[in-house]
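Trainee: Please show me how to read metal sites, pockets and aromatic pairs in a model.

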Amino acid sequence: MITRPSHAALALAAGAALLAPSTAPLAQVRRKLPEPVVERACETDGDGLRQWARFDERCGSCRGGKTTECEHCKGYENLSVCAECDLTRKAPCRACRGSGRALDPLEALICPYCWGSTWYGCKLCKTRGKYPVKGAGDRDQKCGACKTRGVFECTPCKGLGFLPAAKFGSGGPGDAKLKKLRAARETLAETLESLKAYQPVHESRSKSEKAFAKAVDPAARVLPGIKGAKSLLETSLKGLGKGAGYVGYADWVDAEFLEFTDRTVFLLGHQLLLIDLCIARAEFNEQVGQRRGR
Ligand SMILES: [Zn+2]
Ligand SMILES: [Zn+2]
Ligand SMILES: [Zn+2]
Ligand SMILES: [Zn+2]
């Protein structure tokens, strides 16, 4: 592990040999994300064509109740700040954003950058707004990265908790033309391959950032959330930069790139599954049309 104290950190240390958050950096554990699942039923109409079935489902997470116990407070003990429930411990259901109805995958998906919470956790204080420091009398340090809020607003979803499905002109993928669906599929599949091979460049944030942008940019035309994801990553890294003097800083930065890689891989995988459903329907209908035309 490498220590590179910044001026700010040195000033904070006030003579202490080393200032470091006393909690183990969570960011170094690369959490495996769940595999995306997309289900969307079709019905056959009077002409033998497949049409999307009406979608009106109760949210499976809150069972229509709209609020749930705050997931943030549930996951962390003794929080003194919570952007999700204001410490009331009741928050809008993440899965449906408090609507009580499930999201229609043809229109939207839960934002994988905040999982429906609308916020992205500050990695320096691990969403607490402050952190204990060793070597300085074990006092709490106010977090300069998030300005003690503990979180950043999730920019990919603009704080809504869900992302729009892949864009096709002014519409979604449900009624897009086969040719356009296939082109989008190719773009997303290529982006997914580049991202799966992505590795940050250790101790070079700018190189890591450039390579990340190069990998994800082709998909931005189809997926509007990608642009916001890049800006959220930048915000998070900028915040993390306040801890540039701490042990393990370069590893945290790498972990942040990998976290955004994994979440974007989820987004791409999810939308590929959806587009595959749309392609299957469009191909089926095209064949029905051709048989008729003969
Ligand atoms: Zn719900
Ligand atoms: Zn809470
Ligand atoms: Zn979000
Ligand atoms: Zn913070």
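Mentor: We will go through the zinc sites, then a pocket, then the aromatic rings.
This is a predicted model, in which local features need pLDDT of at least 70, side-chain atom pairs count only at pLDDT 80 or more, and totals for chains, interfaces and linings use all residues. Residues are numbered from 1 along each chain as its sequence is written, chains are lettered from A and ligands numbered from 1 in the order in which they are written, and side-chain values use heavy atoms, with hydrogens and water left out.

Trainee: Which residues are the protein donors of the zinc ion (ligand 2)?

Mentor: Donors are N, O and S atoms within 2.8 Å of the metal (3.2 Å for Na, K and Ca); water is not among the atoms, so sites may look incomplete. For the zinc ion (ligand 2) the donors are the SG atoms of Cys70, Cys73, Cys82 and Cys85, 2.2 to 2.3 Å away. Their spacing along the chain is C-x2-C-x8-C-x2-C. Cys73 sits in helix 2 (residues 71-75) and Cys85 in the loop between helix 2 and strand 5 (90-92), so this pair ties together parts twelve residues apart in sequence. Helices (H or I, at least four residues) and strands (E, at least two) are DSSP runs, numbered from the N terminus.

Trainee: Why is the arrangement around the zinc ion (ligand 2) called tetrahedral?

Mentor: Ideal angles at a metal are 109.5 degrees for four tetrahedral donors. In practice, four donors count as tetrahedral if all angles lie between 85 and 135 degrees. The four donor atoms around the zinc ion (ligand 2) subtend angles of 103 to 116 degrees, and the arrangement is therefore tetrahedral.

Trainee: What are the donors of the zinc ion (ligand 1), and are Cys59 and Cys93 buried or exposed?

Mentor: The zinc ion (ligand 1) is coordinated at 2.3 Å by the SG atoms of Cys59, Cys62, Cys93 and Cys96. These donor residues are spaced C-x2-C-x30-C-x2-C. Cys59, in the loop between strand 3 (50-52) and strand 4 (67-69), and Cys93, in the loop between strand 5 and strand 6 (108-110), link distant parts of the chain, 34 residues apart. The site is tetrahedral, with angles of 108 to 112 degrees. Buried means under 20% relative accessible area, exposed over 50%, partly exposed in between (1.4 Å probe, protein chains only). Cys59 has 3% and is buried; Cys93 has 0% and is buried.

Trainee: How are the donors of the zinc ion (ligand 3) spaced in sequence?

Mentor: The spacing is C-x2-C-x39-C-x2-C. The donors are the SG atoms of Cys111, Cys114, Cys154 and Cys157, 2.3 Å from the zinc ion (ligand 3). Angles of 105 to 114 degrees make this site tetrahedral. Cys114 and Cys157 are buried.

Trainee: What lines the second largest pocket?

Mentor: A pocket is an open set of points on a 1 Å grid over the protein atoms alone, where a 1.4 Å probe fits, with protein on both sides within 12 Å along at least five of seven lines; lining residues have an atom within 4 Å of a point. The second largest pocket is lined by 23 residues, with Val37, Leu103, Pro105, Ile110 and His270 nearest its centre. Strand 6 gives the most to this lining, with three residues.

Trainee: How many aromatic pairs are found in the whole structure?

Mentor: Rings of Phe, Tyr and Trp (its six-membered ring) pair if their centres lie within 6.5 Å; planes under 30 degrees apart count as stacked, over 60 as edge-to-face and the rest as tilted. The search finds seven aromatic pairs. Tyr198 and Phe212 form an edge-to-face pair, 5.7 Å centre to centre with 75 degrees between the planes. Tyr198 is buried at 5% relative accessibility, and Phe212 is buried at 2%.

Conventions:
Tetrahedral: all angles 85-135°; square planar, octahedral: opposite > 155°, others 65-115°.
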